[in-house]
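Biologist: I would like to go through the labels used for this structure and hear the reason for each. Please show it first.

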Amino acid sequence: MNPDDEVCLCFRVSLRKVRTFCKQQDPPVASLISECLGAGTGCGWCVPFLKHLYAQHRDGVLPDLSVSPEEYAKTRLAYHVSKKRDEAVVRRATEGEGAPGDNPPLPREP
Ligand code: FES
């Protein structure tokens, strides 16, 4: 995903906003990302993705999702219709397909 792509489509919260929130607030639990403009508090679609972004932040990795914004939005629409999450998309988006080292750990601030 690109930084300006939206992770929470209900509240138009971009990946950049989530990254900045995590960096500045360093929330102790993933659920506190909801304080970033309400991310994850609408339809719930983005919650597993937000949890993944949080885990990456916690592990010192630049938060990212391996999914195009088009596929992400399309899969969300299907979720709204079926009420079932396409686990293959979640898995692919959160596991990534890049080579090791594509997303190197960020240096920790003291
Ligand atoms: S997409 Fe985030 S709550 Fe709906």
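What follows is a set of questions about those labels, with the reasoning behind each answer.

Modeller: Keep in mind that this is a predicted model. The chain has four helices and two strands, and from the N terminus the order is β-β-α-α-α-α.

Biologist: Why are H1 and H2 called oblique to each other?

Modeller: The axes of helix H1, residues 15-25, and helix H2, residues 47-58, cross at roughly 45°. Angles under 35 degrees count as roughly parallel, and 65 to 115 as roughly perpendicular. The value of roughly 45° fits neither range, so H1 and H2 are oblique.

Biologist: What is the handedness of the crossing of H1 and H2?

Modeller: The crossing is right-handed. On the H1 side, the contact is made by Leu-15, Val-18, Cys-22 and Lys-23, and on the H2 side by Leu-50, Leu-53 and His-57.

Biologist: How do these residues of the contact of H1 with H2 divide by class?

Modeller: Five are nonpolar, one is polar and one is charged. Lys counts as charged, and Leu, Val and Cys count as nonpolar. His is not named among the nonpolar or charged types, so His-57 of H2 is the polar one.

Biologist: Why is Ser-14 called buried?

Modeller: Ser-14 has a relative accessible area of 7%. Buried means under 20%, and 7% is under that cut-off, so Ser-14 is buried. Ser-14 lies in strand S2, residues 13-14.

Biologist: Which residues does Ser-14 touch, not counting residues up to four places away in sequence?

Modeller: They are Pro-3, Asp-4, Asp-5, Glu-6 and Val-7. In addition, Ser-14 and Ala-39 are 25 residues apart in sequence, and their C-alpha atoms are 9.3 Å apart.

Biologist: How many residues does the largest nonpolar core have, and which have the most contacts inside it?

Modeller: The largest nonpolar core has 24 residues, and those with the most contacts inside it are Val-7, Ile-33, Leu-50, Leu-65 and Tyr-72. At least two residues of this core come from each of strand S1 (6-8), H1, H2, helix H3 (69-82) and helix H4 (87-95).

Biologist: What does Val-7 touch beyond four places away in sequence?

Modeller: Val-7 touches nine residues there: Met-1, Val-13, Ser-14, Leu-15, Cys-46, Leu-50, Leu-53, Leu-65 and Tyr-72.

Biologist: How much of the chain is buried?

Modeller: Buried residues make up 37% of the 110 residues. As for contacts with a separation of 6 or more, 60% are between residues 24 or more positions apart.

Methods: Residues numbered from 1 in each chain as written. Predicted model: local features only at pLDDT ≥ 70, side-chain atom pairs only at ≥ 80, totals over all residues. Heavy atoms only, no water. Axes fitted to C-alpha atoms, helices over the stretch in contact; angles between N-to-C directions. Parallel < 35°, antiparallel > 145°, perpendicular 65-115°, else oblique. Left-handed = near helix turned anticlockwise from the far one by under 90°. Contact = heavy atoms within 4.5 Å. Core = buried A, V, L, I, M, F, W, Y, C linked by side-chain atoms within 4.5 Å. Buried < 20%, exposed > 50% of the residue type's maximum accessible area, 1.4 Å probe, protein only.
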